[in-house]
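This briefing takes up two topics in turn, a sheet and then a single buried position. Please read it beside the sequence and the model.

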Amino acid sequence: MAKLLVTGCAGFIGFHLTRRLIERGDEVVGLDVMNEYYDVNLKRARLALLQGEGISRFRFTQMDLNNRPGMEELFTSERFPIVVHLAAQAGVRYSLTHPHAYADANLSGFLNVLEGCRHSGVRHLLFASSSSVYGGNTRMPFSSRDPVDHPLSLYAATKKANELMAHAYAHLYRLPCTGLRFFTVYGPWGRPDMALFIFTRAILEDRPIELFNQGRMQRDFTYVEDVVNAVVSLIERIPQPDPEWSSDRPDTSSGPYRLYNVASHRPVELATFVEILERKLGRTAKKTLLPMQPGDVPATYANLEELVRDTGYHPQTSIEEGIARFVDWYRTYYGV
């Protein structure tokens, strides 16, 4: 048993991770601001499940990460050994129109988490980064050893900034930090602003779906339970400083810091993704083919070498099975 803080517990990945931790007997304090970036009722439904299943093992705190006094009090009173920080302002396209939301949540909010960890003796901080940090990189598959200096959106830039901020705290204060670069996570209870949710709703409502880059986009779609498996396997794998670190060994650090890609290692073209969804729904989609959008990248594909080496991680869920599970959940949840 362990005591953990999970920020973003009513979010997609946070919900699934918190549920797993509760099931294995951990004590979880969940934090979420419950904002209206997408349907709050979906967040409330996730939270209700956690509160019903967690009983004495789950406690919820509604708070904005930018509430500095509140965050200080939370860390001081709870003294968490482990923090999994998943709360963030998500979405590439939203960052084009609401940039300040990203500075507030992803930069200032993350600083409050780092300060809370630093001053309360947290022994391991795991935090969500994103495949978006690879930006303009063209060498595939993306490796956590590759430079990521060409972000294509403000969202990606804030996630790269999170990695740099965490590294600074690992170096200065010996705060063990593990960054998790998630690749296009999907599955039941998913986010309504992501492709699978948008496509499913549109197809069932007989509305056209928009396929950018003429449907030739490729994504390393990663099933949410595979993501949870990876995170859980890393919780007790606390990074250690490498005394022999040099710039020739970028996969380690002079501080207790590590970065991992979390993905399926099986990129799928968007057109193929839609074909699988059509089969699972038993309907044909109306398609609108469009050019690339600002901030998008044509393909993502993860190198999992470090994660496999350190945890033995292997994704278990095929894209066909994952989409089928999402469709089953969607039909049940919305009664369609």
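Which residue of β4 does T7 stand opposite? T7 stands opposite H85 in β4. The model is predicted, so local features need pLDDT of at least 70 and side-chain atom pairs count only at pLDDT 80 or more, whereas totals for chains, interfaces and linings use all residues. Residues are numbered from 1 along each chain as its sequence is written, and side-chain values use heavy atoms, with hydrogens and water left out.

**The sheet**

- Seven strands (DSSP runs of E, at least two residues, numbered from the N terminus) form an open sheet in the order β3-β2-β1-β4-β5-β6-β11, with parallel pairing, where a pair needs at least two DSSP bridges.
- Because β3 (58-62) and β11 (257-262) stand at the edges with a single partner strand each, one side of each is left without a neighbour in the sheet.
- From one strand to the next, the twist averages 20°.
- Strand β1 (residues 3-7) pairs in the parallel sense with strand β4 (residues 82-85) over four bridges.

**The position T300**

- T300 lies in the loop between β13 (287-290) and α10 (305-311), helices being DSSP runs of H or I of at least four residues.
- With a relative accessible area of 4%, T300 is buried, a term that means under 20% with a 1.4 Å probe and protein chains only.
- Not counting residues up to four places away in sequence, T300 touches (heavy atoms within 4.5 Å) S131, M140, F142, F183, T184, Q218, R219, D220 and P267.
- A polar atom of the T300 side chain lies 3.1 Å from the backbone nitrogen of D220.

Notes. Axes are lines fitted to C-alpha atoms, for helices over the stretch in contact, and angles run from 0 to 180 degrees between N-to-C directions. Buried means under 20% relative accessible area, exposed over 50%, partly exposed in between (1.4 Å probe, protein chains only). A polar contact is a pair of N or O atoms within 3.5 Å; within protein, one must be able to donate a hydrogen and the other to accept it, and residues adjacent in sequence count only if both atoms are side-chain atoms.
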